[in-house]
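Visitor: Hi, I have a structure to look at and some quick questions. Could you walk me through it?
Guide: Happy to, let's open it up.

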2 protein chains.
Amino acid sequence: MLSNSSKYAIKGVLYLALNSNADHKVLVRDIYDTIHVPEAYLAKLLQELSRHGIISSTRGPKGGFYLSDEDRKHTLLEIVKVIDGENRLNSCVMGIRNCDMDNPCVLHKLVGGNKSKFINVLESTTILDLIDGKKGVEEFFPM
Amino acid sequence: MLSNSSKYAIKGVLYLALNSNADHKVLVRDIYDTIHVPEAYLAKLLQELSRHGIISSTRGPKGGFYLSDEDRKHTLLEIVKVIDGENRLNSCVMGIRNCDMDNPCVLHKLVGGNKSKFINVLESTTILDLIDGKKGVEEFFPM
DNA sequence: CATAAAAAAGATAAAAATATCTTTTAATCT
DNA sequence: AGATTAAAAGATATTTTTATCTTTTTTATG
């Protein structure tokens, strides 16, 4: 359902949500170990998210990645769509042609409901929602 | 969540459920076009299922793949486990270490419920359940 | 302005998933 | 028994995903 890349991206954004703001940017090298994502790969993913305006970044000294207040209003689904593309989530669970919500195949009816709910959660959950009331990274990235 | 291979396999088994029995075996070459799965690849998948006792087959003239009455009692989850292995479904949605149902990470709590339900459907649905009351292939594989 | 810091971009590599092709084995039928 | 049929097994190829490495561009600062 979700690619590894999307999971990585969400973990990265989550870290930024908990540890950064416009006045305190963070470097990929400070993140990757905590969230268990290869450094160079994480860099690529964050760059992609930045390019799409999901997160913020500045180059050069004192630069790094961070989340503005606006950034925090983005949903998990937006992250997933940037990384995995629209198609992956929209396609029929069973990969059957001409099958969608309106004209579901038998299998779609069977498992499609749960999938829809899964997507709904991603769509209705913002970064802010996720970290609301949480204090530290430990809670999100248990060893 | 499900690999393409698993989807292919389920489609193949579904076709067998609708079109075969011990007295009427079918060849891969008669299946693949209808369910839109590459011929040689489908053959491999069905062979794997046969090897694991999920479906039946015999070689030689009048041979082919088919489902015995017993075969029809297998669940979708069994098919998925043979093709994708145990790990794919059991791993944490977010790929976070030491995270499971008992000690869920924040994201797990968020989407884990829907995933569990998805797996429950696969686990509680047999091949027989799937085709119960259905008349033809068209209903399952709409063009 | 020169230097250093850090993201951005581009190129390449490795691994996994998907797909095909060839050879072997087993079953049936004449 | 010999020929033929079809799955089983094995080997190879392609594509996609995941991952790394190198170069370039931007920015801050001495």
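Visitor: How far apart are the end C-alpha atoms of helix H4 of chain A?
Guide: First, keep in mind that this is a predicted model. In helix H4 of chain A, residues 76-90, the end C-alpha atoms are only 15 Å apart. A straight helix with these 15 residues would reach 21 Å at 1.5 Å a residue.

Visitor: Okay, so where is the kink in H4(A) centred?
Guide: On Asp84(A), and the kink is about 110°.

Visitor: And which residues of H4(A) are buried?
Guide: Asp84(A) itself is one of them. The others are Leu76(A), Leu77(A), Ile79(A), Val80(A), Val82(A), Ile83(A) and Leu89(A).

Visitor: Switching to the DNA. Which residues come nearest to DNA strand C?
Guide: Of the 27 residues around that strand, the nearest are Gln47(A) and Arg59(A) from chain A, plus Tyr8(B), Pro38(B) and Arg59(B) from chain B.

Visitor: What part of DNA strand C do the atoms within 4 Å of the protein belong to?
Guide: Sugar or phosphate accounts for 67% of those atoms, and the rest belong to bases.

Visitor: Which side chain has an N or O atom 2.8 Å from a phosphate oxygen of DNA strand C?
Guide: That is Ser57(A). Ser5(B) also has a polar side-chain atom 3.0 Å from a phosphate oxygen of the strand, and for Ser50(A) the distance is 3.4 Å.

Visitor: Which element gives the largest share of the surface near DNA strand C?
Guide: H3(A), with four residues.

Visitor: How do the residues of that surface near DNA strand C divide?
Guide: Into eleven polar, nine nonpolar and seven charged.

Visitor: New topic: how many aromatic pairs are there over all chains?
Guide: Two. One is Tyr8(A) with Tyr41(A), an edge-to-face pair at 5.8 Å centre to centre with 85° between the planes.

Visitor: Why does that pair tie together parts that are 33 residues apart in sequence?
Guide: Because Tyr8(A) lies in helix H1 of chain A, while Tyr41(A) lies in helix H3 of chain A.

Visitor: Is Tyr8(A) buried or exposed?
Guide: Tyr8(A) is buried, with a relative accessible area of 19%. Its partner Tyr41(A) counts as partly exposed at 36% relative accessibility.

Visitor: And what about the rings of Tyr8(B) and Tyr41(B)?
Guide: Their centres are 5.8 Å apart and their planes lie at 85°, so that pair is edge-to-face. Here Tyr8(B) is buried at 18% relative accessibility, and Tyr41(B) is partly exposed at 37%.

Note on methods: Residues numbered from 1 in each chain as written. Chains lettered and ligands numbered in written order. Predicted model: local features only at pLDDT ≥ 70, side-chain atom pairs only at ≥ 80, totals over all residues. Heavy atoms only, no water. Near = heavy atom within 4 Å. Polar contact = N/O pair within 3.5 Å; in protein donor to acceptor, adjacent residues only side chain to side chain. Helix = DSSP H or I, 4+ residues; strand = E, 2+ residues; numbered from the N terminus. Nonpolar A, V, L, I, M, F, W, Y, C, P; charged D, E, K, R; others polar. Expected span 1.5 Å × (residues − 1). Bend = angle between axes of the 7 residues up to and from the residue. Buried < 20%, exposed > 50% of the residue type's maximum accessible area, 1.4 Å probe, protein only. Phe/Tyr/Trp six-rings, centres within 6.5 Å; stacked < 30°, edge-to-face > 60°.
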